[in-house]
Amino acid sequence: MEKIILKSIKNQYDYIDSEEYLVVADEKLKDLYPEIFPENTMFIEAGECAKTKEVLFSIVERMHDLSLTRNSTLYIVGGGTISDVASFAAGIYMRGIRHIILPTTLLSMTDAAIGGKCAINFMNAKNNVGIFKEPEIVYIDSNFTKTLEEEDLKDGFVEGFKLATLFDREVAMEMFELLKADEKDKLIEKMTEYAPLKKAQIVEMDFKDKGIRNLLNVGHTVAHFLEGQSGYKISHGKAVAIGLFMESMLGYSDEETIRIFRKFYEILYGKPEIQTDIEFDFSADKKAVNKEFIDIPVVEAIGKGKIVRVKRAWLEESLKKVLMKI
């Protein structure tokens with residue numbers, strides 16, 4: 001299990017502990033935090049464009065060019081898409097080398113950097129080629145959030161809130177009230193203290209995603225479909241937020257949950273505006289049990305999640321009806 005360490009990163013010496021290494025980082029950080037990057041740094045563009053086989057093997061090639069060995073370390077500095085593809089590279093180079101993550105977005109601090117899921121998008125399907133490989137250390141430094149754009153913060157708010165709604169009603173309601181009051185600094189502090197440790201706890205119980213960890217995909221059935229349909233132009237957070245709301249309307253959630261998910265979405269993104277002629281297709285969804293059934297996580301009540309098995313055709317048809325009610 002990875003170590004979650006809350007630490008302020010001021011320069012490269014605060015996290016680099018290996019003589020043979022490569023740093024893979026979001027190119028946007030090069031000018032924002034030049035003091036933390038050593039000479040052996042490979043900057044790549046963040047976003048879904050990073051999660052391709054071409055970027056994956058460009059990282060592997062760079063490690064090969066540096067003659068890195070199994071005793072070397074890959075350091076990853078950036079958000080979720082950077083950690084996804086670079087962690088994947090660490091897992092396949094030399095059959096796996098040590099890697100350490102410094103998440104720099106709220107989304108990656110609360111979710112993406114924790115738990116060892118590494119993947120790229122392939123054949124128009126999100127995260128469908130990948131491995132499980134936990135980082136040795138994840139450093140959480142909330143100071144990185146001070147330079148994030150508003151939309152990036154929203155993505156993190158969604159994932160942090162989602163996690164709490166599955167397991168901890170009191171925490172979820174506190175987050176919701178902080179959002180309503182526009183207390184964003186306090187909300188960030190709450191999420192970076194709660195979410196990394198909570199997710200690590202869930203991952204330790206179910207590393208390979210066979211049981212309770214599946215709950216963390218709540219909202220993602222709809223979200224991943226909408227992301228793919230938009231060509232990944234819609235942000236992950238916004239897609240998950242609408243996914244939480246739409247999936248809560250399938251009949252498994254209480255009225256308070258539906259109301260809170262809708263209000264949460266509206267505070268962040270305004271009134272939901274989604275085309276009503278979407279043809280849902282979950283045949284390529286990883287949660288599909290077979291051609292007929294799919295397992296989807298739902299929030300029954302704030303603080304309580306569960307997995308339900310439904311017919312895929314019923315889900316696709318039901319979501320079309322939900323669209324007409326939004």
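**Exercise 1.** In this predicted model, determine what span the 13 residues of helix 3 should have and how far apart its end C-alpha atoms are.

*Solution.* Helix 3 comprises residues 80–92. The expected span of a helix is 1.5 Å multiplied by one less than its number of residues. For the 13 residues of helix 3, this rule gives 18 Å. The end C-alpha atoms of helix 3 are 18 Å apart, so the expected span and the model agree.

**Exercise 2.** Determine how many of the 13 residues of helix 3 are buried, and state which residues these are.

*Solution.* A residue is buried if its relative accessible area is under 20%. In the first part of the list, Gly80, Thr81, Ile82, Ser83, Asp84 and Val85 are among the buried residues. The list also includes Ala86, Ser87, Phe88, Ala89, Ala90 and Gly91. Twelve of the 13 residues are therefore buried, and helix 3 is largely enclosed by the rest of the structure. After helix 3 comes Met94, which has a positive phi, near 55°.

**Exercise 3.** Establish how many disulfides the model contains, and state whether Cys49 and Cys118 are buried, exposed or partly exposed.

*Solution.* A disulfide requires two cysteine sulfur atoms within 2.5 Å. Under this criterion the count is zero. Cys49 takes part in no disulfide, since the nearest cysteine sulfur, that of Cys118, lies 18 Å away. Likewise, Cys118 is in no disulfide, and its nearest cysteine sulfur is that of Cys49, at 18 Å. For the second part, Cys49 has a relative accessible area of 39% and is therefore partly exposed. Cys118 has a relative accessible area of 2%, so it is buried.

**Exercise 4.** Describe how helix 5 and helix 9 cross, and name the residues that make the contact.

*Solution.* Helix 5 covers residues 150–167 and helix 9 covers residues 236–248. Their axes come within 7 Å and cross at roughly 40°. An angle under 35 degrees would count as roughly parallel, and one from 65 to 115 as roughly perpendicular. Helix 5 is therefore oblique to helix 9. The crossing of the two helices is left-handed. From helix 5, the contact involves Asp155, Val158, Glu159 and Lys162. From helix 9, it involves His236, Gly237, Lys238, Val240, Ala241 and Leu244.

**Exercise 5.** Locate Glu266 and state which residues it touches, not counting residues up to four places away in sequence.

*Solution.* Glu266 belongs to helix 10, which covers residues 255–269. With residues up to four places away in sequence left out, Glu266 touches Lys271 and Pro272. Between Glu266 and Leu215 there is a separation of 51 residues in sequence and 24 Å in space, C-alpha to C-alpha.

Note on methods. Residues are numbered from 1 along each chain as its sequence is written. This is a predicted model: local features need pLDDT of at least 70, side-chain atom pairs count only at pLDDT 80 or more; totals for chains, interfaces and linings use all residues. Side-chain values use heavy atoms; hydrogens and water are left out. Buried means under 20% relative accessible area, exposed over 50%, partly exposed in between (1.4 Å probe, protein chains only). Axes are lines fitted to C-alpha atoms, for helices over the stretch in contact, and angles run from 0 to 180 degrees between N-to-C directions. Angles under 35 degrees count as roughly parallel, over 145 as roughly antiparallel, 65 to 115 as roughly perpendicular and the rest as oblique. A crossing is left-handed if the near helix is turned anticlockwise from the far one by less than a right angle, and right-handed if clockwise. Contact means heavy atoms within 4.5 Å.
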